[in-house]
Amino acid sequence: MVLIMSFFKEKDIVKETGEKLTQSFNSGDMEVLRKVLSEIVDEMTAGIDKSALFPYMVKMCGTIDLTCKKLVYLYISQYAKRNPDVALLTINSLQKDCVDPNAMIRGLALKTLCNIRLPEFLEYLKEPLLSGMKDRSPYVRQIAVVGCLKVHKLQPTFAKDHNMPNFDELLYDTDAGVVVNAIKTFFEMRKDSGKDFSLKQKTAIYLFNKLPDFNDWGKATVLQLLLAYQPHNEEETVDILNLLDPLLQSTKSSVSIAGVKLMLHYTDKMPEVQRDIFKKLRGILVNLLTHEQGEVVYFALCHLQQLQKNSHVNLSKHYKKLFCRYNEPAHIKCLKIDILEMICNDKNWKDILEEINSHCLDLSPEVSDKAISAVSAIATKKEKYSTPAIKILLYLLEVDRVAGCALSALKDLLDSEPFEQFISDVFEAIPSLWSRVEDQRGKIAMLWIIGEHGKNLPDAPYLLESMIDNLEDIQRPLILSNLLTATTKLFFSRPAECQDMLGKLLEFCVESQDDLHLRDKGQIYYRLLSEDVNMAKEVIFSARTQIDQSYEIISEKSSPPILNSVKLFVNSKKKWTIQDDEVLQDHITQSDMTETPSSPVEGQLIDITAVTQDGEVKGESPLNDLSNELEETRESLETLRVPLSSVANQPAEEETTEQRAEDEGSSIELDKSFSVSPEEFESKWTTLQAIELKSFTTNLQITALLDALETEGISTMASTPEGTFPWRAFLFAKDNNTEAVFLLEVVLNSEDDVSAEITMKCTTDNSFARREFQGFLQEVISRIGK
C-alpha cells in the first residue's frame, strides 16, 4: 500500500513539474523556466532519477534563451540512452541549432549531438560534423574535432566512410586550440589502431615555428607529438635544439620537462650534447624542489634520484636544496634522505650527517627508520665518517622509540671487521635494552649480537635464559628461530651455562611448535649436534645469513615451509651427506627415519665433559647416553614411517598406524577421477625435472601393487609386461588441494628384487606439496604391503 501511494505521489510530482515547464515556456517567462530547469538539473546531478520528465524536456529544445538551452541539452545528453525513441524527436531542433547564427548555440548543439552516443544518431551527424570542421568560429571547430573522437568510439570507420578532414589538414588550422584538440584526438585514435606514426618534415617545421602561439598546455601537447619526428642530420638537430632551448626556461614544469625529453630523444647518438642537456635538466629539477605542490616536488626528486644513480649528474653541490622542511609529507622526506645519503662526500658529509641525524627522531616511523638506515649507510662509506655515525646510533639506543631500529643498524655494521672496535660500546647497552626493546627487529638484532659475540658478554646466558623460561609467551616464530640460533652459537663458547637452556629450547621447538619450519630447524640442529659437534659449529656459524633470511621471507609471506637455502644433513649414522638447493629433492627416506634420534630432552643434549670452553670437542661422545624417553620417541618414529619434518606432538601409543596416517595425511587429497592422455604425459615427463627417490620396499606382486595404488588415486599410464625385467611402470596422480600433478616411474630390476626404485616429477615448485605427496606415497606402499 505504501509503495502504491509513493508511486502515485511521484507521478503527481512529475506531472506538476511538467505543467510548470510547459506553462513557463508557452508564456515566455524565462525566469521561471530557468528556475525550474535548474532545480531539475540539480536533482539530476545529485543522483535523483528525473528520466520521467524526458517528454517535457524535448519540447523545451525550442527555447531561444541560451541558459535554458544549455540546461535542456545537458539533461538530454544524460537521459537520451534511456529514451532512445523519444530522443529522436530532438533531431530537428539540434540540426536547426547547428546552423544558428550564434556560434555558442552552434557549438552547443553539435556537442549535444555527439554526446548522445546512440547508433541511431550516427546518420544525422555527418553534415553537422563536416560543417563544424569548416565553421568560421574556432570554438565550433574545436568541438567538431573532439566530436570526431566521440563518434570514433561508436563507429571506428566513421571518419573514413564520410571523408572527414585528415589529421595533417587539422594541424594547419589557424587556431592553436583546434590544433591541440586535433593532436589529443589523434593520440586517442592511435591507441585503438596500434599503428606506428611518423611526422613529416614540413609539418614538424611548421609546428616548431608555431610553438610560441600555443599556451602552456598546448606546448606540452605539441612537444609530445614531435617525438614522432626524427631529424635528418646533425645540423637540423642543432637548429631544433636552438628552437627548444627557450622552453627550458618556462615556469611550467610540464613544458620544460617535455622540452628536455624531446632534446634527449633527438640527441640519442650525441653523448656530449646529452651531458649538457642533463645539466640543464638538473637545474630545472632542482628549481622544482621549491614548488608549492608536493606532487611536483616528488616528481622532481624521483628524477633526480634516477639521474644520480645513473651518474648523469652530480648533486653534491646542491645538497642544501635537499634538506627537509618541517611540514613536508613523509614520502618526500624519505626520498630526500635517500638522495642525501647517495651524494655524501668529503666536502659535505658533516652537514648531511647532521641533517639526517635531525630526522632520526622524527614522529613518523617511516622517516626515522629511513634516517637511521642512512646514517648506517654513511658509516660504511669511509673510515672518517664511521665514528660520528656510530656515535649517533649509540645515542639513539637510549631512546626507546627508535632503539630497536638503531640496534638493527648497529648489528649490520658489527658484522664487518672495520667496526669491531665498537662492539664493547654496544655490549654496555645490551642489558638495559633487553627489557626496553619490544619490537621484533630489535629483539632479533640483540639475539644476533649475543649469538655472535656472547662469549665476551658476561650476562649473555642469563639474558637468553629469561626468554627461554617464558617460551610460551613468545608468539612470533621468527624470534624463536633467532633465539634457537643464538642459544646454539653461545653453547659452543659457553657450554656449561647453556646446556640445559639449549636442551629445553630444542625440546620446545620440536615438541610444542605448530610452525613446521621452526620444528624442522630444531630437528636439524639436534641431528647436527648428535653427529659431530665440530661439524655442527662450522655449519651453523657459516650458514647463519642464509637460514635467517630464508626464514624471514617465509614467515612474512605465510607460505608453506621451505628449506631451499638450508643445508640438510641426513644419514646420521654414516658420513655427512650435504645436498643443496632442492633440499634432497624434499624427501627423507624410511631408512633415515629408523636411524634418526627424535627430539632432545632438557639437560641431556651433550656431555659437558666432551666440550671445552672454546667449543672444541675432546672426544666423540655427544649423546652417548640417551634417556628412556628418547628411545620411546625413536620407536614411535619407526612405527609412523613418515618424513621427520611432519613429526610433532606424537600420537598416543594405543593409536593404530592407520589412524596416525589418516590424521597426518589429511593435507593430500588425490583426485581419483583425474586422467591424462599419453601425449600430455609424455610432454610433461620430458620437460619436468626429475626427483629420484630411494627404494621403497613392498611384498606385493606387480599387478596387486598397481591395483592397490589405483584405489588410492595413483593411476597407471603404461607398464611393461609382467615377468619381463627390468620391469617398468609409469603412473600419475593429482592433488585436489594444490592442483599439483605428480608423475612417477617405478622400476624393478629383477624378479627377486622387492625394492622398487621410484622417480617422481611434479608440476609445482611447492616443496611442501612434494614432500607431503612423498610421505603419502611411502605410507600407502608400506600400509598396503601388510
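Author: A crossing of two helices is called left-handed if the near helix is turned anticlockwise from the far one by less than a right angle, and right-handed if clockwise. In this predicted model, the crossing of α26 and α27 is left-handed.

Reader: Where do these two helices lie, and how do their axes cross?

Author: Helix α26 covers residues 460–468 and helix α27 covers residues 477–493, and their axes come within 11 Å and cross at roughly 145 degrees.

Reader: What makes the meeting of α26 and α27 a contact, and which residues take part?

Author: Contact means heavy atoms within 4.5 Å, and on that basis Ala 460, Pro 461, Leu 464, Met 467 and Ile 468 of α26 meet Ile 479, Leu 483, Ala 486, Thr 487 and Leu 490 of α27. Sorted by class, the contact holds 9 nonpolar residues, 1 polar residue and no charged ones.

Reader: What singles out Leu 483 in the largest nonpolar core?

Author: That core has 188 residues, and Leu 226 and Leu 483 touch the most other members. Leaving aside residues up to four places away in sequence, Leu 483 touches Leu 447, Leu 464, Met 467, Ile 468, Leu 471, Ile 474 and Leu 505. There is also a second, separate core of 26 residues, which includes Leu 706, Leu 731, Cys 762 and Leu 777.

Reader: Why is Leu 94 called buried?

Author: Buried means under 20% relative accessible area, and Leu 94 has 1% relative accessibility, so Leu 94 counts as buried. This residue is found in helix α6, residues 91–97, and, not counting residues up to four places away in sequence, Leu 94 touches Tyr 73, Ala 109, Thr 112, Leu 113 and Ile 116. Tyr 73 is 21 residues from Leu 94 along the chain, while the C-alpha atoms of the two are separated by 9.2 Å.

Reader: How do you know that the reach of helix α22 is close to what is expected?

Author: The expected span is 1.5 Å times one less than the number of residues, and for the 14 residues of α22, residues 383–396, this comes to 20 Å, whereas the helix reaches 21 Å from its first C-alpha to its last. Among the buried residues of α22 are Tyr 385, Ala 389, Ile 392 and Leu 396, and the buried residues of this helix pack against α20, α21, α23 and α24.

Reader: How many of the residues of the whole protein count as buried?

Author: Of its 786 residues, 50% count as buried, and the secondary structure comes to 38 helices and 7 strands.

Notes. Residues numbered from 1 in each chain as written. Predicted model: local features only at pLDDT ≥ 70, side-chain atom pairs only at ≥ 80, totals over all residues. Heavy atoms only, no water. Helix = DSSP H or I, 4+ residues; strand = E, 2+ residues; numbered from the N terminus. Buried < 20%, exposed > 50% of the residue type's maximum accessible area, 1.4 Å probe, protein only. Core = buried A, V, L, I, M, F, W, Y, C linked by side-chain atoms within 4.5 Å. Axes fitted to C-alpha atoms, helices over the stretch in contact; angles between N-to-C directions. Nonpolar A, V, L, I, M, F, W, Y, C, P; charged D, E, K, R; others polar.
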